[in-house]
Each structure stands twice: as structure tokens, then as C-alpha cells.
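User: I would like to go through this model by question and answer, with the reasoning shown.

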Amino acid sequence: MTKMNRISALFSKAKEPILNVYTTAGYPHFEDTMTVLTALQEGGVDIIEIGMPYSDPVADGETIQQSNQASLDQGMSVAHLFTQLKDLRQTITVPVLLMGYINPVLQYGVEAFCAKCAAIGIDGLILPDLPMAEYEREYKAIFEAHGLFNIFLITPQTTDERIRHIDSVSKGFIYMVSSASTTGAKTGISSDQETYFERIASMNLQNPRLIGFGISDHSSFMKASKNASGAIIGSAFVKLIGQATDLRAEIVDFVQSIKGKK
Amino acid sequence: MSFQVDEQGYYGNFGGAFIPEMLYPNVEELRSRYLDIIADPVFQAEYDALLKDFVGRPTPLFKAERLSAKYNTKIYLKREDLCHTGAHKVNNTVGQILVAKRLGKNKIVAETGAGQHGVATATVCALMGMECIVYMGAIDIERQAPNVARMRMLGAQVVAAKSGSQTLKDATNEAMRHWINHPVDTHYIIGSVVGPHPYPDMVARFQSIISAEIRTQLQEKEGRDYPDYVIACVGGGSNAAGAFYHFLDEPRTALIAAEAAGKGVNSGHSAATTFLGKSGVLHGSKSLLMQTEDGQVIEPYSISAGLDYPGIGPMHAHLFESGRGKFYGITDEEALVAAVECSQLEGIIPALETAHALAVFEKLQAKPNEIVVVNLSGRGDKDLATYQNRLKLND
Ligand SMILES: Cc1ncc(COP(=O)(O)O)c(C=O)c1O
């Protein structure tokens, strides 16, 4: 690796809470992918997570499921997404992650997939159904050869021992799932969740953490950011763009309001 | 070559546990404890007693004389249709509910296709006083209405899975999501030899009673404890896994699997996974999977709700790839003909799933002195509406 991964660079210099927004590729319309990314950046997002749609997204709730299906119905595929992102780095400077399920990656070919990601300027991957043991055995070397960070999830049920192990193999940040749930199942942050956030914060992990699931507005974003470097918004954003009439303006507005800049 | 699961949870190239972190604690707890739980003599005694007195085991091994005469070979039917609730599925649910109790769980979630696994789950939940929620594809709720009523009568909550093809695959997605959202008090009783390790192995062990009994019964009837062929239908593959289990390492027994070819293997309306699938990951394991070039899961089709699934268990993918198992694709029409034949020659109305296994006689060409055991996985009551409709029984 020649230069510092954009994710590491961001975390090392960030002074304010980091906002990571998830968006489904090819949603609401097939050709909207780059429009959405550009508007997110314009609004001041810190990291963008692009969802590669999948027919059977078991970790996702209804909102993201439906956006996945809508995108697939319009013909989206990994290959099409790569085509849409081919000039990504001409406009987008923030770190970009691809999020998705392992099967489409396997069919594309893990090596070819990673090479393509590196060529486009993708910084990392979130593949929730790729287990840690499997990653270490078969994928780690390939990901690292292409400078891609693999982002692991932890949940309130993850044991301290496993968290320490995840911390030792993680790069960039750890994705802290705020509660035992699928995406979009709950909104807001309860006091139980805050206790969990504090417990993890006190573990002094080597990697920074972003908190996701249930973050939907400025207040939940700030609450989560008290005990982490920032937070991730998915379903609330996907819901917004699914209903938007002026996509660009509404996205800019949304990002600014989450960050309290409005 | 081994046909059993290895330390990493693989059968050859297939298996593993491809699950999101949210499910890791539950699956890991199960993985680290299931073998000890099952091996415990107290567990064994409880399991055996329930199979005997509640399920009605052992099920008979019935010599089908008229079918034997027609196909000029010796055909035996392993009567899983006589299990309480009408199919083999209950062997697994009895085992898993006892496991769930030992894991300290008091709620059960399950998926179902034909409704047989849902009924078998609702039944053991009633027996043990556990809360039960069953996900079922909206289309299956319609085509297997009697089983929906049975589940509700047994006190289970039946929830329609409305995503995707609205069949077994989608019901399984919903059941997994439910488990993600209820990780502490709930055990997921998967209904076939699919899902993340250790499910395929655990379910196969609970179904292995089928082949254990076949061995003993054949010894009594034929003076040898193995058949030349064992035939079973494969949806996910649990009844086949159970019927094959004790013959996996018996080279004299050919293992024959019947998959649902729907309107024809190449018709675009099929569920014949070994013909149409390639290696992929669905529902937590790597196996053969019907999918697009992009890795999106293809919505399968079969007249039989229990076989209407785009994958097969990793054990079967390994049996296929290694050549140990032989797979046939049986069309809707062939299954219907076989269902009528079994009904009218033997007085047994089989489930539509089972009818796919019975349709293999036509293709097998077994010799007169050979012994063919077919696993009669379930009875046809639940399919009467389809039979009435397709066979014009009311005209
Ligand atoms: C009677 C019967 N046989 C077979 C099956 C298929 O399942 P498996 O392949 O797991 O045995 C079902 C599933 O619902 C069934 O009800």
C-alpha cells in the first residue's frame, strides 16, 4: 500500500462526530447512484456506504430489503455497479465502503472483486455474512493485498473475548450494532443501549467505533457519538430517498440536519 | 472419503456458518453444546421415549407387493407418513425442542414450506408449553391451508412471509430475521439439513433414526441389513439425510435423491438444484444454489411446497459432487402419476414431496432380486386440494 487508506486518514484527523450514511446502489432509480453520492458529499457526509443489492438480505429489515429488491428489479448487479462507479474518484473524496452479502462477491470472484474495488477507489467492505474465521482463513490476504479494510460488526451479545479478537483483526473502525436487531427495526437509543456503548468505550480498543442501527436524527446521532467516533444511518436515509421529490436538495438537507448544521 | 461433517462444519467443499454477527452467539452456543447434549443418556432416554410413545416409532417397513410386481423388484416403503403429524419432520422437532430446553430457551421460531415442519414444531411446542411462531410463504399459506389451520389449532402463531417468491426461501429469511431480533429467549428450529453449521449435522442426526430402523427391519425381513437402493426426495434434504445416514459408508447401497424438476429441468420453472445450481451461500451455508450470474438467488418452482427451495443441504451437495449420491429430476406430472399409482396399488396416499421419490421406480430399472427402500416421507392429506384440482377428482 502506497498511501494511507482514506478511512484511517479520516479517523486520525476528525474532530467532530463522524457521519456514515448507507445508501442502496441504484435506488430509488437505477441511474441515481452517483447523484446520491454527490449530494451526500455536498451535504457534508464523512463516509459513504454503498449497499450492493441482494435478493435475500437476512440482516436487513423491510426498508432496506425493499430498496434492494427495487434496485434488482431495475437490473442492478455487481458488474453494473462497478460501471456506475468507474469515475467515482473524480468527484467523491470521502471514504467509500461497499456493503453487501457474500454470495454476489463469490460469484464475481473474490480476487476480481477486490481488484475492481481497488481500481475504483473503494476503501473497505462490510460483508455481514462473512464470518471472522472464514475471513481470516480465506479472504484476509486478498483484501489486504488490495488495500481494502474489512469492517467487522459487534453486537450487545458479542463477548468481550470476541470483541478483543475482532479488534485485533480490524482496520479502520469497528461497526457497533446498537441492539440485537435487523436494520431499521428500532429507532432511538435507550438507556440500556447507552450502558452497552459505555461498556465498549471503556474497553479501550485499538480501533475507533461507529454505532449503527436505530440512528435516524440529530439527537440519536449525537447520543451515539458520545461513546463512539460517530454513527451510521441506513434505513432512515433509504426511506427519505425513496420518497424524495428533489433528490439532491433533500439529501443535502438531511445530512446537514443530522450533523446539526442547519 | 468421509460423508460426515468435519471440524470446521464442512462436508467436502460445502457447509460452514455464514451468519451475521448478530446470530453468532446463538449459533456458537449451539455448536459448542449440541454434541454433548445429544450424547447425554438422560437426553437420549427422553428423546427415545418421545419417539416411541408420542411419535409412534418405530415406523413400519412395508413390503409393497403390487408396486414390486409392477417394477419387477423388491420394494419396501419406510412409513414415515405414519409418524404423528404425518411426516418425518417430527423426528427433528422432538430432538430440537429438547435441545432448546437445555439451552434455556422458552420460545421457538421456525420456517415452513409444506407446513409439515410448521405443524411438527407447533406440536412439540404445545407438548412442552413453549411459545411458537412459524413463518410461511404467503403462497404456501394458500396451497397448504389444512396445515395452517392445524398450526393455529395447536396454538402457534403463523406469519405470512410476503417478500420474494413468498415460499420456503422467504419464510426462512423471515425466521432468521426473527431470530436476529430475539436472540436471547428464542431457539430457531430449522426444518431441514440446511442452515449454518451445526444445523445440517444436528438435523441429520435426529433424522438418522430412519435408517437405523431400516437396517434392523431389513435384517428381520431379508436377512441382510442394507438395501441395494435407498430413495428419498430432497427439498432441503432432511428425510433423505435420515434415510441415507447409516448407509453413507455402505458401498453396496446406492443413494438416490429425487429433486423437483417442476415443469421440466430446463423449463425455467424448476427446483432441481443439482442440475441448475452452482456453489453459493444461502441461509448460512455454502452449498449448491440456483442463482443468477450475479449471485442473486433464483426463485424456484415446484408443485410441491416442501421441495420448492433453491438450494439443498451441504451434505447432499457433497454427495452429488463426490458421485456418492445419484440425483434425478422429477417433474410435477411424473410426481402426480406416481402419487396416483402408490394410492391405487398400495392404498397409501403420499405427500406430493414423497411422490417425487416414488416416481424414481420408473427410471431406476432395479433387478428382480434387488432391494429398493423408498422413504415414504409423508402422507398426502395436506395435498388433497392440489390432487383434487390437478387430477379432477371432483368432476
Ligand atoms: C412429506 C415431506 N417430505 C419431504 C419434505 C422435504 O423436506 P426434506 O427435503 O427436508 O425432507 C417435506 C417438507 O415439507 C415434506 O413435508
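The questions below take up the chains as wholes and then some local features of the predicted model.

User: Which radius of gyration does chain A have, and how does it stand against the globule rule?
Analyst: The secondary structure of chain A comes to 13 helices and nine strands. For its 262 residues the globule rule gives 18 Å, and the value for chain A is close to that, so the chain is as compact as a globular protein of that length. Its C-alpha atoms fill a box of roughly 45 × 45 × 35 Å along the principal axes. The radius of gyration of chain A is 17 Å.

User: What radius of gyration does chain B have?
Analyst: Chain B contains 17 helices and 14 strands, and its C-alpha atoms fill a box of roughly 55 × 45 × 40 Å along the principal axes. A compact globule with 395 residues would have a radius of gyration near 21 Å, and the value for chain B agrees with this. That value is 19 Å.

User: What share of the residues in chain B is buried?
Analyst: Buried here means under 20% relative accessible area. In chain A, buried residues make up 60% of the 262 residues. For the 395 residues of chain B, the share is 65%.

User: What percentage of the contacts in chain B with a separation of 6 or more comes from residues 24 or more positions apart?
Analyst: In chain A, residues 24 or more positions apart account for 73% of the contacts with a separation of 6 or more. In chain B, the corresponding value is 74%.

User: How far apart are the centres of the positive and negative side chains in chain B?
Analyst: Chain A has 22 positive and 28 negative side chains, with the centres of the two sets 7 Å apart. Chain B has 37 positive and 45 negative side chains. In chain B the distance between the two centres is 3 Å.

User: How much of the area that chain B exposes do carbon and sulfur atoms supply?
Analyst: Chain A exposes about 10,000 Å², of which carbon and sulfur atoms supply 49%. Chain B exposes about 13,500 Å². Carbon and sulfur atoms supply a share of that area in chain B equal to 51%.

User: How many of the 14 residues of α4(B) are buried?
Analyst: Helix α4 of chain B covers residues 89-102, and its end C-alpha atoms are 21 Å apart, in agreement with the 20 Å that 1.5 Å a residue should give. Among its buried residues are B:K89, B:N92, B:G95, B:Q96 and B:V99. The helix is largely enclosed by the rest of the structure, because the number of buried residues is twelve.

User: Is α8(B) mostly covered or mostly uncovered, and how many of its residues are buried?
Analyst: Helix α8 of chain B (residues 168-181) has 14 residues and reaches 20 Å from its first C-alpha to its last, close to the 20 Å expected at 1.5 Å a residue. α8(B) is mostly covered. Its buried residues number 13.

User: Which residues of chain B is B:F206 in contact with, leaving aside neighbours within four places in sequence?
Analyst: B:F206 is in helix α9 of chain B, and its relative accessible area of 2% makes it buried. B:F206 and B:K89 are 117 residues apart in sequence, but 9.7 Å apart in space, C-alpha to C-alpha. The contacts of B:F206 are B:I38, B:F43, B:Y47, B:N91, B:N92, B:G95, B:Q96 and B:V99.

User: Where is B:P198, and what is the omega of the peptide bond from B:H197 to B:P198?
Analyst: Most peptide bonds are trans. The bond from B:R57 to B:P58 is cis, with omega near 0°, and B:P58 is in the loop between α2 (41-55) and β3 (61-63) of chain B. B:P198 is in the loop between β8 (186-188) and α9 (199-207) of chain B. The bond from B:H197 to B:P198 is also cis, with omega near 15°.

User: What is the phi of B:H283, and is the residue buried or exposed?
Analyst: Most residues other than glycine have a negative phi. B:T85, in the loop between β4 (74-79) and α4 of chain B, has a positive phi near 80° and is buried at 6% relative accessible area. B:H283 lies in the loop between β11 (278-282) and β12 (285-289) of chain B, and at 5% relative accessibility counts as buried. The phi of B:H283 is positive, about 50°.

How values were computed. Residues numbered from 1 in each chain as written. Chains lettered and ligands numbered in written order. Predicted model: local features only at pLDDT ≥ 70, side-chain atom pairs only at ≥ 80, totals over all residues. Heavy atoms only, no water. Helix = DSSP H or I, 4+ residues; strand = E, 2+ residues; numbered from the N terminus. Rg over C-alpha atoms; globule rule 2.2 N^0.38 Å. Buried < 20%, exposed > 50% of the residue type's maximum accessible area, 1.4 Å probe, protein only. Contact = heavy atoms within 4.5 Å. Areas by Shrake-Rupley, 256 points an atom, 1.4 Å probe, with all protein chains shown as cover. Lys, Arg positive; Asp, Glu negative; His and termini not counted. Charge placed at Lys NZ, Arg CZ, Asp CG, Glu CD. Expected span 1.5 Å × (residues − 1).
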